[in-house]
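Let's work through two pocket exercises. Have the viewer open and try each task before reading its solution.

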Amino acid sequence: MAALWFGAGWLALIGAYVGSALLFADSLALRHPTRSGALHPHVLLNAVLALVLAYTSAAGWLARRSLRDDFEALRPIVAAGTLEWEEWEREIVRPPRGPIVRAALVGALLGLLVIGVSVMSTTRAPSVWAGHRMWSWLLNPLVFAVMAVFAERGAHANRIFAALGERVRVRIGSLDELAPFARAGLRRALLWLLGSSLAALLLPYTERPAIVLVVLAVTLGLGVASLFAPSRTLHRRMREVKRAELAWVRSEIARAGDALRGHGDPARGHRLPALIAWEGRVADAPEWPFDVSTKLRFALLLLVPLGSWLGGAMVERALETWLGG
């Protein structure tokens, strides 16, 4: 469903863009002024902006749906009453609108600022169709607005998961029950990193690459932070439980050692091997809900942006084939 939304949204935007060029100008407005058979750089720039907008919208829908699944999976291990759980569930399904509206407005204003700085720092060639710029002024604020809403929804979800982390049952060395925390972080990190890779496609076509690089740095940072954000309270709980268990087992080891030296109950001495084995297991217990599979997947995700340059060449070729005729 999300893939269908992504593809249909992008094709609709591209169709409207190309249609407006043919309606208010002609096919020459889409052509490169000097390179025969190539598309105008503004066409490629706006096509990528439309791609990022369609992707971010679809990613927001997908993140909302998967977040609810991860939330429901935690019910058996969270110590919360029915009313409290239902309140959290309502907020997961319908987040408060006020912060979302404010985030969209701030994002749109930032997008206008970015495109304004880009336009003011360049000289427009007289042969460029004005519609290219108009579409950039439309698409850029929309991209930033949707990204801001996506970030706000993520922050709201993280606050709920932080509350869940305070109530969740933690068992030493057991990560299976805590997997929804890791999945929630990994999925949102995936969406940010894929979006960052798509945004990197703007670099060959923008007149202000420094702005794009700043946006890429921010989105990459958000992608990395997204992995850990839902688990930050759980991490503190896991660390506290681990330290308490280590303190207990080491005190028991000390008592068992005293027993072996004849300074306590001799029966305690027989427990020493088991206690030492348990101490080693507790000391090695993770303090984050990330197993080896999660770490490997995230490491592979970090490689995704590295392929964006190759992807940029492929997208440019595809756009020139589909739109250039």
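For sorting a lining, Ala, Val, Leu, Ile, Met, Phe, Trp, Tyr, Cys and Pro count as nonpolar, Asp, Glu, Lys and Arg as charged, and the others, Gly among them, as polar. This is a predicted model, where local features need pLDDT of at least 70 and side-chain atom pairs count only at pLDDT 80 or more, while totals for chains, interfaces and linings use all residues. Residues are numbered from 1 along each chain as its sequence is written, and side-chain values use heavy atoms, with hydrogens and water left out.

**Exercise 1.** Describe the lining of the largest pocket (on a 1 Å grid over the protein atoms alone, an open set of points where a 1.4 Å probe fits, with protein on both sides within 12 Å along at least five of seven lines; lining residues have an atom within 4 Å of a point).

*Solution.*
1. Start at the centre: of 14 lining residues, L110, F144, M147, V215 and V218 lie nearest to it.
2. Next, find the helices (DSSP runs of H or I, at least four residues, numbered from the N terminus). At least two lining residues come from each of α4 (97-120), α5 (130-167) and α7 (209-228).
3. α7 has the largest share, six residues.
4. Now sort by type: twelve are nonpolar, two polar and none charged.

**Exercise 2.** Do likewise for the second largest pocket: which element gives the most to its lining?

*Solution.*
1. α6 does, with six residues.
2. Sorting the lining gives seven nonpolar, one polar and five charged residues.
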